[in-house]
Amino acid sequence: MRKIFIIAKHEFLSTVKTKSFIFVLILPLLILIPMVIAMGFIPQMALETPRNIGFVDEVGILQANDNFTKFGDSENAKSALLDDEINAFFVIHKNYRETGNVTVYSKAGLFSSPPTSVIETFLRDSLLEESKIDETLKERIQEPAKENSITLNKKGEVEEQTGAGFFIPYVLAILLMLAIMTSSGYLMQGIVIEKESKTVEILLSSLTADELLTGKIIGFGSAGLLQVVIWCCMLVVAIAVTPLSALFQGISVSWILILAVVYFILGYLLFAGSMACVAAPASTVRDAQQGATVFTMLAILPMMLLTIIINAPNSIIAKVLMYIPYTASVTTLMRISLVEVPVYELVASLAILTISVIIVIKLSAKIFRTGILMYGQKMSLKEVWRYLKG
Amino acid sequence: MMTVKILDVKELTKRFDTKIVLDNISFDVEKGVIFGLLGPNGAGKTTMIRIILDILRADHGDIDIFGRKFDDALKARIGYLPEERGLYQKITVFECLKYFAELKEVKKSDDKIDFWLNKVELYDYKSKKIEELSKGMQQKVQLVAAFIHNPELLILDEPFSGLDPLNTKLIKDILVDQKREGKTIILSTHQMDQVERMCDRILLINRGKRVLYGSLAEIKGNYKESVVVEYEGKLKRVEGVKKVNDYGKYAELSLEEDTDPQEILKKLVEVVGVRKFELKAPSLNEIFIEVVENA
């Protein structure tokens with residue numbers, strides 16, 4: 001046990017000190033956190049920003065207000081636009097009632113676009129004002145639907161759906177996948193580099209191959225777990241300080257974070273075991289990476305099917321992915337943040353994953369023991385079978 | 001005086017697929033000796049060492065180390081320098097040795113690291129990263145890693161490779177000191193002169209088979225004396241000489257069974273200017289070449 005701890009400590013410390021680990025750790029700070037904040041603040045800011053728009057009314061149905069300035073003719077409006085007194089202006093032509101023709105003028109620029117939706121709303125409001133219809137009807141025309149979506153399952157029962165939309169599952173999926181792939185990737189690289197540099201032979205004269213592999217899995221896994229925990233903390237802080245907290249009402253964030261840790265550990269062990277299987281017999285990092293491609297593809301499968309999982313979290317595809325060990329971690333976390341997943345489904349998914357982890361770790365120990373000392377040969381399926389038998 | 005067997009290998013056989021790498025090899029190593037494990041490249045030496053260290057499993061045969069079967073506790077009593085060199089390049093000499101010392105469960109490892117770094121004249125490089133050291137220096141660090149836990153049995157695969165004459169002497173002196181302290185050393189090397197001077201007994205394996213085994217005196221006793229000649233001119237083939245190892249102005253001649261050395265001297269004087277003519281027991285190098293070539 002002591003030697004396993006020494007190996008784990010060595011791998012953990014040498015991993016967390018690397019520049020790439022620190023970079024991946026702060027990656028969410030650099031990309032996701034600004035995104036979270038932007039998603040929380042920008043829509044509000046956009047709505048609240050007064051737009052100064054001019055208009056030339058050849059029909060005589062529009063009234064100027066704080067945001068809309070009336071101009072007598074297009075020439076005056078153009079001068080005001082060029083002098084930056086207004087952001088844009090539009091002209092409603094004489095035949096507007098029959099044709100709906102409106103010409104919108106705005107200045108060219110990298111970030112400017114004609115404010116068509118604001119103009120349309122203004123026109124609709126003005127037309128409704130002119131029509132003198134009932135206030136309630138007017139409100140309905142202005143906002144025809146206050147949507148409340150209800151999803152029915154096959155039995156006709158109502159399925160609960162939370163309002164967090166795609167955001168949480170997306171972030172969780174990316175982070176979990178990133179953590180699992182980086183830490184199992186470190187493990188793979190660590191094994192091949194020690195094999196390439198022949199250091200492994202010195203190590204094996206001090207401890208067994210099983211102790212070495214266990215120590216490595218724990219060491220790199222702890223580094224990955226540290227990543228996940230820090231990310232979870234970042235996410236909690238981001239949610240707390242931004243207006244996004246409204247989105248999370250009704251969702252047990254703590255429950256999701258606990259499951260994130262559990263699924264990280266199981267998902268990591270599965271991928272780590274698999275990576276060890278391809279790394280031990282490989283002669284170079286490139287050989288190992290080639291062998292690992294199949295696992296990488298499986299890991300990103302839920303991301304490729306993200307739209308399906310988000311739009312139909314209870315679809316057959318989403319459920320099947322939850323039971324496939326290599327896609328279970330990411331898919332389950334996406335599902336539990338979207339819908340209430342029945343406990344038996346969670347238990348079944350966790351059970352399949354746990355059994356797979358045990359099998360893969362045992363296989364990897366066998367392959368590691370023999371493969372780690374095999375040099376200059378490409379691994380063939382026949383050899384893998386021999387290792388498994390041996 | 002009763003001798004203690006540190007290592008006792010009996011009928012060891014190892015196959016990789018259908019290829020027999022070690023074929024029914026038996027030998028033993030007594031306490032306090034330097035034992036030469038010799039053989040040409042690919043003879044099976046590294047496989048043999050890995051089996052002794054329990055890194056690989058034999059298909060057949062028995063090994064007793066320190067009078068018992070291998071177990072994990074024995075790993076702390078053995079020091080190993082593998083043939084292929086490998087150290088963590090990105091960490092310092094001290095961190096690297098500390099890690100290996102911890103794995104060997106060395107107490108007060110800092111003091112021992114300092115002691116050994118002083119001994120191999122690397123103390124000033126303690127805080128340098130391994131990648132900053134020359135090949136020879138890295139070799140010495142790796143030797144320290146094999147010595148750090150004060151093992152009773154040292155298995156050293158090519159300990160002198162990459163070392164200049166000064167460092168070769170330094171390491172040779174350390175090995176002799178270790179022997180004097182009662183340590184047992186198994187030395188696998190191609191440097192026959194070192195083996196000849198240092199080893200008490202040798203085992204020569206070729207293509208997985210044991211071809212020579214015993215004390216140097218016993219082995220040399222089985223071979224006819226050879227002739228060493230220093231000369232000027234161009235050496236030609238001389239009748240009665242079985243094999244010539246010619247260095248251009250120095251040659252080692254193995255003689256036919258019933259050849260008189262005096263006859264050879266006479267013939268040599270006719271073809272070259274002889275500066276020195278000496279009759280001596282064959283060198284281990286000659287025996288090695290003869291055995292391997294005739295196999």
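Select A:F89 to begin: this residue is buried, with a relative accessible area of 0%. Keep in mind that the model is predicted.

**The ring partner of A:F89.** Add A:Y105 to the selection. The two ring centres lie 4.5 Å apart and the planes meet at 10°, so the pair counts as stacked; the cut-off for stacking is under 30 degrees. The pair links distant parts of the chain. A:F89 sits in strand 3 (residues 88-92) of chain A, and A:Y105 in strand 4 (residues 102-106), 16 residues apart. A:Y105 is partly exposed, at a relative accessible area of 28%.

**One residue along.** Now pick A:F90 and A:F122. Their rings pair edge-to-face, 6.4 Å centre to centre with 75° between the planes. A:F90 belongs to strand 3 of chain A, while A:F122 belongs to helix 6 (residues 116-131), 32 residues apart. Both A:F90 and A:F122 are buried. Add A:F55 and A:F68: ring pairs link these two with A:F90 and A:F122 into a cluster. Over all chains, the aromatic pairs number 18.

**Out to the surface.** Select A:I22, A:F23, A:I26, A:L29, A:L30 and A:I31. Together they make a nonpolar surface patch of about 540 Å². Stop at A:I26, in helix 2 (residues 19-30) of chain A. A:I26 is partly exposed, with a relative accessible area of 32%.

**Over to chain B.** Color by secondary structure: chain B has nine helices and 13 strands. Of its 295 residues, 52% are buried. Zoom to B:R77. Its charged end sits over the ring of B:F66, 3.9 Å from the ring centre. Finish at B:K119, which lies over the face of B:W116, 5.5 Å from the ring centre.

Methods:
Residues are numbered from 1 along each chain as its sequence is written. Chains are lettered from A and ligands numbered from 1 in the order in which they are written. This is a predicted model: local features need pLDDT of at least 70, side-chain atom pairs count only at pLDDT 80 or more; totals for chains, interfaces and linings use all residues. Side-chain values use heavy atoms; hydrogens and water are left out. Patches are made of residues with over 30% relative accessible area and no salt bridge: like charges are joined within 9 Å, nonpolar side chains (Val, Leu, Ile, Met, Phe, Trp, Tyr) within 5 Å. Accessible areas come from the Shrake-Rupley method with a 1.4 Å probe; for residues, only the protein chains shown count as cover. A salt bridge is a side-chain nitrogen of Lys or Arg within 4 Å of a carboxyl oxygen of Asp or Glu. Helices (H or I, at least four residues) and strands (E, at least two) are DSSP runs, numbered from the N terminus. Buried means under 20% relative accessible area, exposed over 50%, partly exposed in between (1.4 Å probe, protein chains only). Rings of Phe, Tyr and Trp (its six-membered ring) pair if their centres lie within 6.5 Å; planes under 30 degrees apart count as stacked, over 60 as edge-to-face and the rest as tilted. A charge sits over a ring if NZ of Lys or CZ of Arg is within 6 Å of the ring centre and within 35 degrees of the ring normal.
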